[in-house]
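The following report describes a single protein chain for a reader who works with coordinates. Please keep the structure open beside the text while reading.

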Amino acid sequence: DVILWQDLGFDGDNFVNVNLDDSAAASIASAGGTFSGTFRPFSALSVLNGQPAAGTWQLRIFDDTNQDPGTLTSWSLELSTSSSQCNFVVPNAASD
């Protein structure tokens with residue numbers, strides 16, 4: 001398992017066009033408000049290097065705050081075999 005982010009955002013915070021990349025300058029943990037841009041995830045995506053891309057990929061979401069539920073509207077996973085990068089893209093995910 002790779003933890004992309006955990007316990008981020010509060011009422012009104014949204015994730016819009018978020019890219020997660022191990023080589024990003026800023027950590028997602030340091031972002032605030034509306035999350036937009038490219039960030040390093042909580043756990044390095046590089047742990048997936050060398051793993052087979054074929055098969056079933058799962059995105060598991062757990063909202064541990066009952067006060068302001070969120071909605072995931074889309075996501076994608078981009079794999080590259082020409083470099084050692086694995087990027088996770090959340091184009092239009094919203095969280096209240």
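A polar contact is here a pair of N or O atoms within 3.5 Å, where within protein one atom must be able to donate a hydrogen and the other to accept it, and where residues adjacent in sequence count only if both atoms are side-chain atoms. With that rule in place, the backbone nitrogen of Ala29 lies 3.1 Å from a polar atom of the side chain of Ser27.

The model is predicted, so that local features need pLDDT of at least 70 and side-chain atom pairs count only at pLDDT 80 or more, while totals for chains, interfaces and linings use all residues. Residues are numbered from 1 along each chain as its sequence is written, and side-chain values use heavy atoms, with hydrogens and water left out.

**Overall architecture**

The protein chain has zero helices and six strands, where helices (H or I, at least four residues) and strands (E, at least two) are DSSP runs numbered from the N terminus. Read from the N terminus on, the elements follow the order β-β-β-β-β-β. Of the 96 residues in the protein chain, 23% are buried, a term that stands for under 20% relative accessible area, whereas exposed stands for over 50% and partly exposed for the range in between (1.4 Å probe, protein chains only). The accessible surface of the protein chain comes to about 6300 Å², and 48% of this surface belongs to carbon and sulfur atoms; such areas come from the Shrake-Rupley method with a 1.4 Å probe, and for residues only the protein chains shown count as cover. Among contacts (heavy atoms within 4.5 Å) between residues at least 6 apart in sequence, 44% join residues at least 24 apart.

**Strand β1**

Strand β1 covers residues 15-20 and includes Asn17, which has a positive phi of about 50° although it is not a glycine. Most residues other than glycine have a negative phi. Asn17 is partly exposed, with a relative accessible area of 42%. Phe15, also placed in strand β1, counts as buried at 5% relative accessibility. Computed along the sequence, Phe15 and Thr34 are 19 residues apart, yet their C-alpha atoms are 6.0 Å apart in space. For Phe15 and Gly32 the separation is 17 residues in sequence and 9.9 Å from C-alpha to C-alpha.

**The loop between β1 and β2**

Several residues discussed here belong to this loop, including Asp21, Asp22, Ser27 and Gly32. Gly32 is partly exposed at a relative accessible area of 49%, and Ser27 is buried at 19%. Leaving aside neighbours within four places in sequence, Ser27 is in contact with Phe39 and Arg40.

Which residues does Asp22 touch, not counting those up to four places away in sequence? They are Arg40, Pro41, Ser43, Ala44, Leu45 and Ser46. Asp22 itself is partly exposed, with a relative accessible area of 28%, and its C-alpha atom is 6.2 Å from that of Leu45, although the two residues are 23 apart in sequence. The side-chain polar contacts described for Asp21, Asp22 and Ser27 are set out below.

| Side chain | Partner | Distance |
|---|---|---|
| Asp21 | side chain of Ser23 | 2.9 Å |
| Asp22 | backbone nitrogen of Leu45 | 2.8 Å |
| Asp22 | backbone nitrogen of Ser46 | 2.7 Å |
| Ser27 | backbone nitrogen of Ala29 | 3.1 Å |

**Charged side chains**

Side chains of opposite charge can pair when their charged atoms come close. A salt bridge is defined as a side-chain nitrogen of Lys or Arg within 4 Å of a carboxyl oxygen of Asp or Glu, and by this rule the count comes to one. Arg60 forms a salt bridge with Asp1, the closest N and O atoms being 2.5 Å apart. Because Arg60 lies in the loop between β2 and β3 and Asp1 in the segment before β1, the pair ties together parts that are 59 residues apart in sequence. Arg60 counts as exposed at 59% relative accessibility, and Asp1 counts as exposed at 84%.

Asp21, in contrast, is buried yet has no salt bridge, and the nearest side chain of opposite charge, Arg40, is 8.9 Å away; for this purpose Lys and Arg count as positive and Asp and Glu as negative, while His and the chain ends are not counted.
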